[in-house]
Amino acid sequence: MRPPIASLIVLLLVVAALTVIGLGGISAERVPQAVLNGEQQIAADTALSTRTTIDVEARSVRRTAGAFVATGTTTPATALKALTSTGNAAHGSALFDARTGKLLASGGKTVPSTGVDATTTASGHNAIPPRMVTSGGTRRLLYFARVTVPAQVDANQDQNQQSGADRQWLLVVSETLPALTAYGDGRTAVALDARGETLVTAVHGTASSAAADSGLPAAAVRAAKDSGRDSDASGSMLGSSVGGRRTVAGWAQVASATGPGDTDGLGLMVLTSRAVPATTANADYSSFALEAAAALAGIVLVLGLVLRFFVQQPLLQLYLSSSRLARAVTEGGPTAFEELSRPVPATGFGEPARIARALESLRLQLLGESGPQEFPPRRGPGGRALAVLALVLVACWAIPMIFVLNRANTATAVPAPVLTVQQARTEIAANRIRQSLDQSYTDLSDAAAALPGKTDSARTEILRRALNDHKQYRSLYLLDRSGDETLRVGATPLRTIVHVPRGSGITTVNTSGRIPAIAAYVQVPVANGKAAAPGVVLFGEIDVKALNSILPRPKLGSVWVTDGDSRVLAASVGYRAFQALPDAGLTRLARAAKGAPGTAGASASAVLSGSSGPEVDAAAPLAQSGHTAGLGWHVVTAEPAAALQLPAMQAEQRTILAGILGLTAGVACLGWLYVVVIRPLRSVDVLVERLAGGDRRTVLHPVNHDEVGSVTRSLELIRQALAERGRAGRSGQAVGPSGSRYENTPQG
């Protein structure tokens, strides 16, 4: 009996204390933590874009070197020209002898020799990561690849006597650091080296004077060192304050998060900063927390008193009275009559009171002063009603906490800087997807350039190699001018559109089905380098899973890629192809981001009401330039405001949590009390009334080893004594109060 009552009191008091701690710790900050977290994620997203650019270039250099077919007569100059004829224009390139370190050929700007030790660099078998060097006061990135060339053939020597190992060359490509892009008006993005020196800077719009904080780079470097992580660390910090605006900065290392990568040893870091208006809203929930805790403490006091006086004490009294009667009928002795002569007090109400009245009737029957007594059917409230009333009392506190109090206002809960962060991150996501699609187009163009003049078997081999090198493709195929497929490698195409488009670009080649078919397409030139009129078109269907995999980002929420009709083409969450966005507000937001016909449009953001509360939503055009600009595609994001560290949302969440905890504690403990006390008492009530009514046959079995079980055991002893008395009466014997028999003697 005591454990559930004590647990109820203790747990509700703990909930009251947690309410004070949780809500009392919420206070308005000059810059909400959600803004700091958002700037950290913008820096991390920008660092990811930089890392992706460097990784792609490093793989491109290695792939070009691996695909280069050399012969024994290939000279370094011709090899270097072939190796650097595709891709972005390099600032400089060179070929070194991997064994001697001798410079064999060079092109473009001079490759810094201080950054190249060809013999050491080319040793080993793993991919050589890029390096950052300084030349003429400018930082450059060096990309490396090994080139294997067959042993040189000497025309004057007998062919049977030719011998020698293959030659090993080291290709070095020198390029400047990738350009940064700053997203969001007034934001500055800076690339830093390991010492905090600025390498590349980008500004979107006009940066305010508050954002020009010269101490931020050094602070970011110190924070990165203090993070204790070798790669992929990020963080945020506050800068200077000018005219009511405070600088918010985020930093992130340009390194791989999934293991060794090409950028891990560069020591690059991205620092973004933006001046935001400092908030003046007062959000002090300590008084509410104290009032809510005091109300719950008052409920605990009332429940404790009610359960003590109406459950605990009556049950203890029943336990003592039943034990006294059982002791009187079993032990006998001179005190038995005295024990039986003491009336059973009728305390409490409901089942305890009825059991007490039945015990009093049994006491009189043991004394021979009365016979069996019938009791009226149950009327009025009992222990079950008391438990329900106690639960209602707890619910009167918990339900308003869960559904009414501290509800966040959708219009004011999310500060404007948080909206701009979501919009900027959506633009970054759109740019990342555009870069992926543009890279797919570039890779397809390289494959198409190698096809003219080749046999079908050679074309098949080129396409198969391209499919293996570029995992984003699920299928590569050629269409002739009539739309018939003439050559294919990979999976069966998903396309349903049969016409052959003109030009080159990115498009969808189906409008229905379970999987969207997004494809890059390139007109294949004829052997002389000129494109045929209708042309043969090379299609590369892009695996939508590869596109889906680059959409998720921490604290960005759900991400969708939609076509010009706002139908979903890809998403970071489960979806069906070409379905509408899950909310009409998102569809309106995507349409609001569209521009005039022929233009790409502009990003937009808003706070909308979702199924789980306010959401911070944004939409951005997929591209404003490049091969995807004319598609009219958009990227739409939705992050629940509850996932952001905003005072209003924190207060709502913690208020709901306190209500749920209080209601759960009440239901659990009162349910426990009902199972172990109230329900067994109801069963004992029925049995003891039958026993007092003359039922001597029903054996009373105690179920639990507690107060109710003790009462049941005592009643069983009383039943046995009454049954013995009945048998003795039928045999002509008399039974005393202690249960001892004696002969009836006539009185003269």
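Colleague: Which residue of β14 does Thr507 stand opposite?
Modeller: In this predicted model, local features need pLDDT of at least 70 and side-chain atom pairs count only at pLDDT 80 or more, whereas totals for chains, interfaces and linings use all residues. Residues are numbered from 1 along each chain as its sequence is written, and side-chain values use heavy atoms, leaving out hydrogens and water. Strand β13 (residues 505-508) and β14 pair in the antiparallel sense over four bridges; strands (E, at least two residues) and helices (H or I, at least four) are DSSP runs numbered from the N terminus, and two strands pair if DSSP finds at least two bridges between them. Within this pairing, the residue of β14 opposite Thr507 is Ala519.

Colleague: How many of the eight residues of strand β14 are buried?
Modeller: Buried means under 20% relative accessible area, exposed over 50%, and partly exposed in between (1.4 Å probe, protein chains only). Strand β14 (residues 518-525) is largely enclosed by the rest of the structure. This follows because the number of its eight residues that are buried is seven.

Colleague: Is Arg514 buried or exposed?
Modeller: Arg514 is placed in the loop between β13 and β14. Its C-alpha atom is separated by 9.9 Å from that of Leu494, 20 residues away along the chain. With a relative accessible area of 73%, Arg514 is exposed.

Colleague: Within what arc do the buried residues of α11 fall, seen down its axis?
Modeller: Helix α11 (residues 456-469) has 14 residues, and Arg459, Thr460, Ile462, Leu463, Ala466 and Leu467 are buried in it. The arc is that of the directions from the helix axis to the C-beta atoms. The buried residues of α11 line one face of the helix, because they fall within an arc of 160°.

Colleague: Which element gives the most residues to the largest nonpolar core?
Modeller: A nonpolar core is a set of buried Ala, Val, Leu, Ile, Met, Phe, Trp, Tyr and Cys residues joined through side-chain atoms within 4.5 Å. The largest has 61 residues, and Leu12, Leu359, Leu362, Trp397, Leu715 and Ile718 have the most contacts inside it. Among the elements that give two or more residues to this core are α1 (2-24), α6 (286-331) and α14 (647-692). The element that gives the most, with 15 residues, is α6.

Colleague: Which residues are in contact with Ala665, leaving aside its neighbours within four places in sequence?
Modeller: Ala665 lies in helix α14 and, at 8% relative accessibility, counts as buried. Contact means heavy atoms within 4.5 Å. Leaving aside neighbours within four places in sequence, the residues in contact with Ala665 are Leu8, Leu11 and Leu12.

Colleague: Which strands stand at the edges of the open sheet of β6 to β10?
Modeller: Five strands form this open sheet in the order β7-β6-β10-β9-β8, with antiparallel pairing. Each edge strand has a single partner, so one side of each is left without a neighbour in the sheet. The strands at the edges are β7 (198-203) and β8 (234-242).

Colleague: At about what angle does helix α5 run to β10?
Modeller: Axes are lines fitted to C-alpha atoms, for helices over the stretch in contact, and angles run from 0 to 180 degrees between N-to-C directions. Helix α2 (residues 33-67) lies across β8, β9 (245-253) and β10 (269-277), running at about 40° to β9. Helix α5 (residues 216-226) lies across β6, β8, β9 and β10, and its angle to β10 is about 125°.

Terms used: Expected span 1.5 Å × (residues − 1).
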